[in-house]
Amino acid sequence: MQIDPANIKKWNVIYPVYINSKKTVAEGRRISATKACENPTCIEIGDCCSYLKIPFAIELDKAYPRDFMQRGRVRVQLKREDGSLWNSEIDSKKQLMLRIAELIPKHHGRTKKQEPVNTSTAAGPSKSGKGGRKKKG
């Protein structure tokens, strides 16, 4: 798939803030907090776009205007030049944001990060739990 840099300017922009459940609507969230995900990154949004077979370009040097400390944004192309959709299930930017927010919690980077945390936190209480069982038994 060829990406024309001149055309990217016409693509839709998605900032991670748009789907961040930790942000308020005033801070820039665009979908309901219940459907949003926690602290999404541009890389995760890009991975979700490639999974949905939607062309995207990550711009890490750009910042969200309301919060310039929040670096990065993703440009997405919902429609081809002829007007047909890249993904027939997604016909609007809002639908795309909702789908991305659904997919990010299942993202392989997040599931891998959580496993070691769960084993280390589970190791502490399980030791005391085993000790408690021995006393009972």
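Author: Let's start with a term: a polar contact is a pair of N or O atoms within 3.5 Å; within protein, one must be able to donate a hydrogen and the other to accept it, and residues adjacent in sequence count only if both atoms are side-chain atoms. This is a predicted model, where local features need pLDDT of at least 70, side-chain atom pairs count only at pLDDT 80 or more, and totals for chains, interfaces and linings use all residues. Residues are numbered from 1 along each chain as its sequence is written, and side-chain values use heavy atoms, with hydrogens and water left out.

Reader: What makes the link from the side chain of Arg29 to the backbone oxygen of Lys23 a polar contact?

Author: The side chain of Arg29 reaches that oxygen at 2.7 Å, so the pair meets the limit for a polar contact.

Reader: How do you know that Arg29 has no salt bridge?

Author: A salt bridge needs a side-chain nitrogen of Lys or Arg within 4 Å of a carboxyl oxygen of Asp or Glu. Lys and Arg count as positive and Asp and Glu as negative, while His and the chain ends are not counted. For Arg29, the nearest side chain of opposite charge is that of Glu27, at 7.3 Å, so the residue is buried without a salt bridge. Buried means under 20% relative accessible area, exposed over 50%, and partly exposed in between (1.4 Å probe, protein chains only).

Reader: Where is Arg29 found, and what does it touch?

Author: Arg29 is in the loop between β1 (12–14) and α2. Leaving aside residues up to four places away in sequence, Arg29 touches Val17, Tyr18, Asn20, Ser21, Lys23, Thr24 and Ala36, where contact means heavy atoms within 4.5 Å.

Reader: How many disulfides does the rule give?

Author: The count comes to zero, a disulfide being a pair of cysteine sulfur atoms within 2.5 Å. For Cys37, the nearest cysteine sulfur belongs to Cys48 and is 7.9 Å away. For Cys48, the nearest is that of Cys49, at 7.1 Å. Neither Cys37 nor Cys48 is in a disulfide.

Reader: Why are Cys37 and Cys48 called buried?

Author: Cys37 has a relative accessible area of 3%, so it counts as buried. Cys48 is at 4%, so it is buried too. Other buried residues in α2 include Cys42, Glu44, Ile45, Gly46 and Cys49.

Reader: Is Asp47 in helix α2 buried, exposed or partly exposed, and why?

Author: Asp47 lies in α2 (residues 42–51). Its relative accessibility is 29%, so Asp47 counts as partly exposed. Asp47 touches His107 and His108, not counting residues up to four places away in sequence. Asp47 and His108 are 61 residues apart in sequence, with their C-alpha atoms 9.7 Å apart.

Reader: What makes Asn39 and Lys53 worth a look?

Author: Each has a positive phi although it is not a glycine: about 40° for Asn39 and about 60° for Lys53. Asn39 is in the loop between β1 and α2, and at 41% relative accessibility it counts as partly exposed. Lys53 sits in the loop between α2 and β2 (56–64); its relative accessible area is 63%, so Lys53 is exposed.

Reader: What is the secondary structure of the whole chain?

Author: There are four helices and three strands, in the pattern α-β-α-β-β-α-α along the sequence. Helices (H or I, at least four residues) and strands (E, at least two) are DSSP runs, numbered from the N terminus. Of the 137 residues in the chain, 35% are buried.
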